[in-house]
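Trainee: I have a structure open and no idea where to begin. Can you walk me through it?

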Amino acid sequence: MSPGRGDGKEALERAITNRLLDMGFTVTGTPQVNAYEIQGVARIFPAERGKETIRIDWTIFGPEGTRLGNVTQTKVIRKGSLDRHWGAAAEAAASAAVQDMMQYLPKQGGGGS
């Protein structure tokens, strides 16, 4: 995960991990045999006056390393609002992204909130 700035890398990783754990997935920080991999890249671009556009691209890979698909999120935000703590923004992005990722991930029998 490479964020634009602030604590985005850590906040997005933590948020996506928590969403997947809540849904019954096992999550590790290292590659595993027969595991899916999710990579994310966040970028922030200038937008209209006083605003910025954040774009997060998530790529989902299957156990064989084959790219299964992408989920892209974009949102116009107040300029500088993600310069420090992403907090609720990371949580909202992860919650929305996981819903779209489910088309690429195996069905799980556990959890959910």
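**Pockets, salt bridges and strands**

Mentor: Start with the second largest pocket, which is lined by Ile54, Arg55, Ile56, Gln73, Thr74, Lys75, Ile77, Leu82, Trp86, Ala89, Ala92 and Ala93. Keep in mind that this is a predicted model.

Trainee: Okay. Which elements give two or more residues to that lining?

Mentor: Strand β2, strand β3 (67-78) and helix α2 (87-101) each give two or more residues to the lining of the second largest pocket. The largest share, four residues, comes from β3.

Trainee: How do the residues of that lining divide into nonpolar, polar and charged?

Mentor: Eight residues of the lining are nonpolar, two are polar and two are charged. The volume of this second largest pocket is about 220 Å³.

Trainee: And what volume does the largest pocket have?

Mentor: About 850 Å³. The largest pocket is lined by 29 residues, and the closest to its centre are Val27, Thr28, Tyr36, Glu37 and Ile38. Two or more residues of that lining come from each of α1, β1 and β2. By type, the lining of the largest pocket has 14 nonpolar residues, 13 polar and two charged.

Trainee: New topic. How many salt bridges does the structure hold?

Mentor: Five. Side chains of opposite charge can pair when their charged atoms come close. In one of the five, Asp57 pairs with Arg43, and the closest N and O atoms are 3.4 Å apart. Asp57 lies in strand β2 (residues 51-61) and Arg43 in strand β1 (residues 37-46), so this salt bridge ties together parts that are 14 residues apart in sequence.

Trainee: Is Asp57 buried or exposed?

Mentor: Asp57 has a relative accessible area of 12% and counts as buried because that value is under the 20% cut-off. Its partner Arg43 is partly exposed, at 39%.

Trainee: Which other salt bridge does Asp57 make?

Mentor: The side chain of Asp57 also meets that of Arg55, at 2.8 Å from N to O. Arg55 is partly exposed, with a relative accessible area of 34%. Arg55 came up earlier, as one of the lining residues of the second largest pocket.

Trainee: What about salt bridges in helix α1?

Mentor: Asp22 and Arg19 meet in a salt bridge there, at 3.9 Å from N to O. Both lie in helix α1 (residues 8-22), three residues apart, which is about one turn of the helix. Asp22 is partly exposed, with a relative accessible area of 33%.

Trainee: Back to the strands. How many bridges join β1 to β2?

Mentor: There are 10, and the two strands run antiparallel. As an example, Phe45 has Thr53 as its bridge partner in β2. The hairpin of β1 and β2 has four residues between the strands, and Gly50 in this hairpin takes a positive phi near 75°.

Trainee: Which residue has a positive phi although it is not a glycine?

Mentor: Asn34 does, with a phi of about 60°. Asn34 lies in the loop between α1 and β1.

Trainee: Buried or exposed, that Asn34?

Mentor: Asn34 is exposed, because its relative accessible area of 64% is over the 50% cut-off.

Conventions:
Residues numbered from 1 in each chain as written. Predicted model: local features only at pLDDT ≥ 70, side-chain atom pairs only at ≥ 80, totals over all residues. Heavy atoms only, no water. Salt bridge = Lys/Arg side-chain N within 4 Å of Asp/Glu carboxyl O. Buried < 20%, exposed > 50% of the residue type's maximum accessible area, 1.4 Å probe, protein only. Pairing = 2+ DSSP bridges. 1 Å grid on protein atoms, 1.4 Å probe; cavity = no way out; pocket = protein on both sides within 12 Å on 5 of 7 lines; lining within 4 Å. Points joined across faces, edges and corners; volume = space filled by probe spheres on them. Nonpolar A, V, L, I, M, F, W, Y, C, P; charged D, E, K, R; others polar.
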